[in-house]
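Here is a quick walk through one model, with an eye on its side-chain pairings. Have the sequence and the structure open as you read.

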Amino acid sequence: MADAGGSAEDVIAAVDALADPERATSMASYFQAHPGGYGGGDEFLGVRVPQLRAIAKRFRGISRGEVRTLFTSRYHEVRLAGLFCARDGFDRADAAEADLWVADYLAAVAAGAVNNWDLVDSSADPILGEWSWQRGDVDVLVDFAARDDLWEKRIGIIGTFAWIKHADAQALAAVAPLVIDDRRPLIQKAFGWMLRETGKRVDATALTSYLDDHAAHMGRTALGYAVEHLDPEARAHYRSLR
């Protein structure tokens, strides 16, 4: 079956058709879209993630230009649908086209379109992280991790997940010194999560060796995430170092 393609207007109409105002209110609260919240000012339609994934699949083959239009939407779910489309386009692209998808992604980040943890976590690993792993170059992730902006720094951390999935811990090792002292909860959680995944997917001793050297200086949240899958005795030991 040929790709359906379609336009940004088609995707937006499909998302709008599933809007649920009651759920939108709940989502705005959950993602802290209130003034002063980390998602302050964002707007929601109340569409569930599985529904957005299904829409992206329906419009598989949509052009990069149309996806760029989705990234400009005021609505969180339209931008997330755009990221799902971008992820699929990147996955199926040759090297030259993949570079263009990444350029579009970076432009969306710079424009503030990837501005909540679900948007970051749905895209930083499979697009930017995978692209950096394929090229054997951690620099783009290190650059993001060094930034002060909450979402950009989280992109640098979550992007290392692509490397970890390939059983390679070097990207996280490069990023770790730039994030270990950041006590913001969404940075702490991301860092601890990636450490935990390193222990699960790369090498358990890579995790415990890092903890031996750094647990005493880590934030409690990051440490808690990192040790979740260790045995109770090991968890207690590393927590006692704080």
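## Ground rules

A residue counts as buried under 20% relative accessible area and as exposed over 50%, with partly exposed in between. By that yardstick, D143 is partly exposed, because its relative accessible area is 38%. Keep in mind that this is a predicted model.

## Two domains

Let's start with the overall layout. The protein chain is split into domain 1, covering 1-116, and domain 2, covering 124-241. Taken over C-alpha atoms, the centres of domain 1 and domain 2 are 26 Å apart. How many residues does each domain bring to the contact? Domain 1 puts in 16 residues and domain 2 puts in 14 residues.

## Salt bridges

Searching the whole structure turns up 16 salt bridges. As a reminder of the chemistry, side chains of opposite charge can pair when their charged atoms come close.

One of these salt bridges joins D88 and R92, with 3.2 Å between the closest N and O atoms. Is D88 buried or exposed? D88 is buried, at a relative accessible area of 16%, while R92 is partly exposed at 43%. Another salt bridge brings together the side chains of R147 and D143, at 2.5 Å from N to O. Here R147 has a relative accessible area of 27%, which makes it partly exposed, and D143 is partly exposed too, at 38%.

## A charged network around helix α13

Next up is K200, which makes a salt bridge with E197; their closest N and O atoms are 3.5 Å apart. Why are K200 and E197 separated by about one helical turn? Because they sit 3 residues apart in helix α13, which spans residues 185-201. Look at the burial of the two partners: K200 is partly exposed at 48% relative accessibility, whereas E197 is buried with a relative accessible area of 4%. The story doesn't stop at this pair, as salt bridges with shared partners join R196, E197, K200, R201 and E228 into one network.

## Aromatic pairs

Now for the rings. The whole structure holds 7 aromatic pairs. Among them is a tilted pair of F31 and W117, with 5.4 Å from centre to centre and 35 degrees between the planes. This pair links distant parts of the chain, 86 residues apart: F31 is in the loop between α2 (21-30) and α3 (49-58), and W117 is in helix α7 (residues 117-121). F31 is buried, with a relative accessible area of 7%, and W117 counts as partly exposed at 22% relative accessibility.

Y38 and W151 make an edge-to-face pair, with centres 5.8 Å apart and planes at 75 degrees. Y38 lies in the loop between α2 and α3 and W151 in helix α10 (residues 150-158), so this pair ties together parts that are 113 residues apart in sequence. Y38 is partly exposed at 25% relative accessibility, while W151 is buried at 9%. As for F31 and W117, ring pairs also bring in Y30 and F44, giving a cluster of Y30, F31, F44 and W117.

## Charges over rings

Back to R147, the salt-bridge partner of D143. R147 also lies over the face of F144, 4.0 Å from the ring centre. Elsewhere, K165 places its charged end over the ring of F161, at 4.4 Å from the centre of that ring.

E152 ties in with this corner. It is found in helix α10 and counts as buried, with a relative accessibility of 17%. Which residues does E152 touch, once its neighbours within four places in sequence are set aside? E152 is in contact with V109, F144 and R147.

## The two ends of α2

Finally, have a look at helix α2. At the start of α2, D20 reaches out with a side-chain oxygen to within 3.2 Å of the backbone nitrogen of E22. Just after α2, Q32 adopts a positive phi of about 50 degrees.

Methods
Residues numbered from 1 in each chain as written. Predicted model: local features only at pLDDT ≥ 70, side-chain atom pairs only at ≥ 80, totals over all residues. Heavy atoms only, no water. Salt bridge = Lys/Arg side-chain N within 4 Å of Asp/Glu carboxyl O. Buried < 20%, exposed > 50% of the residue type's maximum accessible area, 1.4 Å probe, protein only. Helix = DSSP H or I, 4+ residues; strand = E, 2+ residues; numbered from the N terminus. Phe/Tyr/Trp six-rings, centres within 6.5 Å; stacked < 30°, edge-to-face > 60°. Lys NZ or Arg CZ within 6 Å of the ring centre and 35° of its normal. Polar contact = N/O pair within 3.5 Å; in protein donor to acceptor, adjacent residues only side chain to side chain. Domains from an automatic or database assignment. Contact = heavy atoms within 4.5 Å.
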